[in-house]
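This report describes the fold of one protein chain, with attention to its sheets and the helices packed against them. The sequence and the model are shown below.

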Amino acid sequence: MDAARRRLLDHASLPGELHGIEPWITASWQRCLARGQRPRERVVFDCVSASAMRRALEASHALRLTAAPVIDHTLGRAMSDTGYFALLTDAQGIVIDVHGPADMSNRHIHAIARIGVDLSEPAIGTSAIGAALAERTSVWLHRGEHFFEDTAVYSCAGAPLFDPDGACIGMLDLTGVMAPERRALKHLVSVTARRIENALVLRRPHALVLRLTWPGHLPGDDDDGLLVLDADGRIVGANRTAAEMLDLRADGTGWPHADEIFAVPCGDLLGVARRDRGPLEVPTWGGLRVLALAQLARHTPGAEAAATSVPLRSREAALIRHAVAEAGGNVAEAARRLGISRATVYRKLGQR
C-alpha cells in the first residue's frame, strides 16, 4: 500500500502490480487520475446549489423518512462509543441526512457532515461513498486508501441502498475522523442498509407480504427475501435477497406477476395468509422450492416498521407447525425432532 501510494503521489501513476490492494480501490484511483486530479490537490467540500439541494431532498423524501428510525435505532446504539457518525446520500453522492455524534467544531467533520455537500467521487476522490455507489456493494476504506491527502483523515464504511424496484437510490456511510479503524463497521452498515431497504419495500401499498427463505431455515428476520404483492398478484416491490433467490430482473417496466414466478396461484397464497397457516414450501417455475411465509398487509400506523420482523411467538408457532407438516402430521415425531414434549406441541398450536 505504501509503495503504491508513494508512486501515486510522486509520479501520478500506478505500478503494474498492486499487492494487497482491493481492485475497486485501484479502479477508483485510476478514474481520479483520468480526470486530471492529483493526490496533493486541496479538496473543497462544496455544497450543491440551493435548487439542486431542494431537488435532492424532495426526490429522497421517502428514503430519508424511512431510514431515520432504522439508523437511530441500530446505529445509535452500536456506534455510541466509537466516534463514528452516519451520512445518508442520494445516488449522486449528495448528503441528504446526518445522524450520530458529529462534532461540528471539528473542521474535518464540519466539511462533510452538512446536508447538500457533494461527496461524489468526482468531487472528493476515492471514498466509501463513491465506491459504494460505483461498485454497488458494501466497502471499507482505510485512511491511506483515499485518493487525496486531504481526505486521508477519514475512515469509512459504506453500503448502497436500493429501492423496491431494484434501482440504486443512494448509500449509507459510517465515518470517523482520525478514529480507531473498525472493519466490523462494514458488516454493521450492510445490515443497516438491508433493514432500510426492507422498510422501503414494506412502505409500498400492498395486499400481501411474502417472506422467503430456503427450505431448512425459518423466515422471520432481516435476511429474508421480501416481496409485496397487490390484490391482483402483481409484485409491486422486492428486496435484493428476493430478487437473487427468484432470479428477478427489473427491466424498467416493473416486476413480473407472482403467477409467473410461483407454480401455485396467487389466490392460494392469499388464502394461506388469511388462515395464518405459517410457512409452506412453494415450488417455482424455475424448478426450485422456497419456504414462504405469507402475511396480509397491516394498515395500522407504523406498520412498515412493525412488519420488518416477525414476533418470536409467531416464529415459534410457525416452526412447530412446519415440523408437524414435515413429519406428515405425526405430532410425536415432530416433538421428537424439536426436542420438546407432545403436550408442548399441542399447547403451542392451540394458542394459535
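Which strands does helix 8 lie across, and at about what angle does helix 8 run to strand 7? In this predicted model, helix 8, which spans residues 185–203, lies across strand 6, strand 7 (225–229) and strand 8. The angle between helix 8 and strand 7 is about 15°.

**Overall composition**

The protein chain contains 14 helices and 10 strands. Of its 352 residues, 50% are buried. The chain exposes about 16700 Å², and carbon and sulfur atoms account for 51% of that area. Among contacts between residues at least 6 apart in sequence, 59% join residues at least 24 apart.

**The sheet in contact with helix 8**

Strands 6, 7 and 8 belong to an open sheet of five strands, arranged in the order 8-7-6-10-9 with antiparallel pairing. Strand 8 (235–238) and strand 9 (280–283) are the edge strands, each pairing on one side only. On average, neighbouring strands of this sheet are turned by 35° against each other, direction ignored.

Within this sheet, strand 6 (residues 208–213) and strand 10 (residues 289–296) pair in the antiparallel sense over six bridges. R211 stands opposite L293 in strand 10. A further helix, helix 10 (residues 266–275), lies across strand 6, strand 7, strand 9 and strand 10. Helix 10 runs at about 60° to strand 10.

**The other sheet described here**

Another open sheet is formed by five strands in the order 2-1-5-4-3, and the pairing is again antiparallel. Why is one side of strand 2 and of strand 3 left without a neighbour in the sheet? Strand 2 (95–99) and strand 3 (139–141) stand at the edges and each has a single partner strand, so one side of each has no neighbour in the sheet. From one strand to the next, the twist averages 20°.

Strand 1 (residues 85–90) runs antiparallel to strand 2, and four bridges join the two. The bridge partner of A86 is H99, in strand 2. In general, strands of a sheet pair through backbone hydrogen bonds, either parallel or antiparallel.

The table sets out the two sheets.

| Strand order | Pairing | Edge strands | Average turn between neighbouring strands |
|---|---|---|---|
| 8-7-6-10-9 | antiparallel | strand 8 (235–238), strand 9 (280–283) | 35° |
| 2-1-5-4-3 | antiparallel | strand 2 (95–99), strand 3 (139–141) | 20° |

Key:
Residues numbered from 1 in each chain as written. Predicted model: local features only at pLDDT ≥ 70, side-chain atom pairs only at ≥ 80, totals over all residues. Heavy atoms only, no water. Pairing = 2+ DSSP bridges. Axes fitted to C-alpha atoms, helices over the stretch in contact; angles between N-to-C directions. Contact = heavy atoms within 4.5 Å. Buried < 20%, exposed > 50% of the residue type's maximum accessible area, 1.4 Å probe, protein only. Areas by Shrake-Rupley, 256 points an atom, 1.4 Å probe, with all protein chains shown as cover.
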